[in-house]
Structures are given as C-alpha cells and as structure tokens.
Amino acid sequence: MADIAFIGLGNMGSGMAANLVKAGHAVRAFDLNPDAVAKLVELGASAAGDVPKAVKGADVVVTMLPAGPHVKSVYLGEEGVLANTHDDAVLIDCSTIDVDSAREVAAAVAAKGIAFVDAPVSGGVAAAEGGTLTFMVGGPEAAFKGAEPILDAMGKAVIHAGDAGAGQAAKICNNMMLAIHMIGTCEAMNMAKGLGLDPQRFYDIASKASGQSWSLTSYCPVPGPVPAAPSNRDYKPGFAAPMMLKDMKLAMGTAEGLGANTPMGKQAADIYERFVAEGGEQMDFSGVIKWLAGEL
Ligand code: NAD
C-alpha cells in the first residue's frame, strides 16, 4: 500500500481520496479549506497542514484542483510539490486544465527526472464517490504504469491517451460534447413539458431511444428519473456551472488555435457564459435547463 498525498478535496477530490483510504492506502490530505480536510480525517486519512507536509516522503501525489493557475502554483511554487517531493515519487494531476499548463508542469517535473501524468476524469461527483471514474492519462509509458494502480482504485477505466497533455486534450474534447449534449437534453425536456408529456414518461422513452446520452441517463436535468442527479437537490453542484464555462473557454481557445470548426461548441460556450452571468453561478451545470426555460 502506498503513502499518498492528496491535494484538493472539493466536490470531486473528497470522494476520490475517500476511495484511496478505503483501498487501504495511507492518505495525507491537504486543502485550503480545513473543513474539507477534517471530513477526510474522519474517514481515516491524516491531516497535512500545507503542501510540503503532505508531499514530503509520499510515494504518490494526487492533485484535484480547479484550474491551470492553481495547478501551476501547487506544483511549481517555492512551497510546491516539485520542491518537496522525492525522485521516485509518482505525481498525478487529475484536475481539468489547459493543455499548455499541463505540458509546462510536465516539462518542469521531467527536467528533475520525476514521473508525472495529467489524468483528468470523466464521471461527476457520483462516480468520484463510487470509484467509477474514467481517467484519460497523458505522459510517458513508465509514468502511466506507475500511476495506473492508484487510478484503478478510483475508477472503472484508466486509458493512456498519449504523451504529456494528451489526457487534457481528450478531456477538453469530451467536455465540449458534454456541454452540447446537456443543452440539447435540456431543450428537449423543456419542450416535452410544454407539449404536456410527463417528464418521467419522456425519460423512459428517450433513454431507450436515439436521444439517449450520459446527460440524460446519468445526470438527468429534470428531477425524478435519476435520483443521484443534482436536479434533485435544487441544482446544487455537482459539476459547477463556472467549471463547465472554464472548460468551454479552454475548448474554444483550443479550437481557435487549431482552426477547428466548432459552431455548436461556440453556441454552447455562449449559453454557459450567459447562464453563469444571469443567475447560474452557484448552480450545477445541468441547471442551464432553468435558464433555457426563462426561470432564473
Ligand atoms: P471544487 O472547487 O469543488 O474543488 C477544488 C478544491 O481545491 C477546493 O476544495 C479548493 O479549496 C481546493 N484548492 C484550491 N486551490 C488550492 C490550493 N492552492 N491548495 C490546496 N487546495 C486548493 O472543484 P471540483 O468540482 O472538485 O473540480 C476539481 C477539478 O475536477 C476541476 O478541474 C474540474 O473541472 C474537474 N472536474 C470536475 C467534475 C465535477 O463533476 N465536479 C467532473 C470532472 C472533472
């Protein structure tokens, strides 16, 4: 069993770290929010007061942070992971960040001969808690092999996407699809209601018809059909709308850089921008159904 530093115990990281504890690993937990650390300690982790205390002597470091700037400062800062880890450690960043930041961190870590992978996740909070995430991993084969057993304890699928940054590249393409699917699902659900269809009945039909998607069957944006979905908790995140907007901005920046034609992605990014600005900031991304219905 490994000695694991886990940094970033928010909506996703708390469940992921709990699964590492359950798998028998010794987890040292750190987050800027002391309440988040306390919750993990109740489950059997030990508290670390800062990044250096979490990382020193750990075999593995897992980070689950909001965005690129957080990841760069936690890894590359003076009191950061890289300055405090040892040469044989395996460093795993599970945050969703831009490909350039991921490659910058990977290059700095590789320059010291230490193993690092970008390993963003798909699956949401229920999958983080249930240990059924999908990990898309970027980095050298040896680093992937080092990270794989740890990721296996938190996920149902661990897939090597390619070299450094490839995990983030896969994630950004995946989430552009998700943003588009979710908006389409919400539009159809609102229209079905307007046509007098019972939401559960329409769900039963669409989930077995060609409208089926993860947004519908794992994360249904109307309350009822999928009990674990945020729609049943007044759209409390979950996957916060500003996080989806962050991902869509990353996707649109990437599309522009590549010259890729992504008109639906652009529409989805614009819709999330307006949703966040017009009342959705504290909501789960599936709460966009309310904005589309003019209910915010
Ligand atoms: P979150 O905001 O709930 O959690 C982030 C945590 O990081 C917070 O607890 C915060 O206090 C902590 N943190 C920030 N800066 C820190 C620092 N310098 N040192 C220590 N801790 C610090 O976010 P989340 O929903 O858990 O998402 C985390 C990442 O996972 C994001 O990149 C997000 O895009 C991605 N993601 C989220 C979901 C989801 O459904 N929530 C799904 C897939 C991927």
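**Exercise 1. Work out how strands β4, β5 and β6 are arranged, and where the residues of β5 point.**

Step 1. Begin with β4 (60–63) and β5, which run parallel and are joined by four bridges; strands are DSSP runs of type E with at least two residues, numbered from the N terminus, and two strands pair if DSSP finds at least two bridges between them. Within this pairing, V61 stands opposite L91 in β5.

Step 2. Turn to strand β6 (residues 115–118), which pairs with β5 in the parallel sense over four bridges. Here L91 stands opposite F116 in β6.

Step 3. Look at the two faces of strand β5 (residues 90–93): V90 and I92 on one side are buried, as are L91 and D93 on the other, and both faces are therefore covered. Buried means under 20% relative accessible area, exposed means over 50%, and partly exposed lies in between, with a 1.4 Å probe and protein chains only.

A note on the model: it is predicted, and local features need pLDDT of at least 70, side-chain atom pairs count only at pLDDT 80 or more, while totals for chains, interfaces and linings use all residues. Residues are numbered from 1 along each chain as its sequence is written, and side-chain values use heavy atoms, with hydrogens and water left out.

**Exercise 2. Describe how strand β2 is paired and how far it is enclosed.**

Step 1. Strand β1 (residues 3–7) runs parallel to β2, and five bridges join them; in this pair D3 stands opposite A26 in β2.

Step 2. Strand β2 (residues 26–30) is largely enclosed by the rest of the structure, because four of its five residues are buried.

**Exercise 3. Locate the ligand and describe what surrounds it.**

Step 1. The ligand is surrounded by 24 residues, and the closest are N11, M12, D31, P66 and K246; a residue is near a molecule if one of its heavy atoms lies within 4 Å of it.

Step 2. Sort the shell by class: it has 13 nonpolar, eight polar and three charged residues, where Ala, Val, Leu, Ile, Met, Phe, Trp, Tyr, Cys and Pro count as nonpolar, Asp, Glu, Lys and Arg as charged, and the others, Gly among them, as polar.

Step 3. Domain 1 (3–163) and domain 2 (169–292) both give residues to this shell, so the ligand lies between them; the domain bounds come from an automatic or database domain assignment.

Step 4. Examine the backbone: a polar backbone atom of M12 is 2.8 Å from an oxygen atom of the ligand, while a backbone N or O atom of T96 lies 2.9 Å from a ligand oxygen atom. The protein covers 87% of the 830 Å² of accessible area that the ligand has on its own, as computed by the Shrake-Rupley method with a 1.4 Å probe.

**Exercise 4. Find the unusual backbone geometry in the loop between α11 and α12.**

Step 1. Keep the background in mind: most residues other than glycine have a negative phi, and most peptide bonds are trans.

Step 2. D234, in the loop between α11 and α12, has a positive phi near 55° although it is a residue other than glycine, and D234 counts as exposed at 65% relative accessibility.

Step 3. Y235, in the loop between α11 and α12, is not a glycine but has a positive phi of about 65°; Y235 is buried, with a relative accessible area of 6%.

Step 4. Finally, the peptide bond from P237 to G238 is cis, with omega near 10°, and G238 has its place in the loop between α11 (214–217) and α12.

Conventions
Polar contact = N/O pair within 3.5 Å; in protein donor to acceptor, adjacent residues only side chain to side chain.
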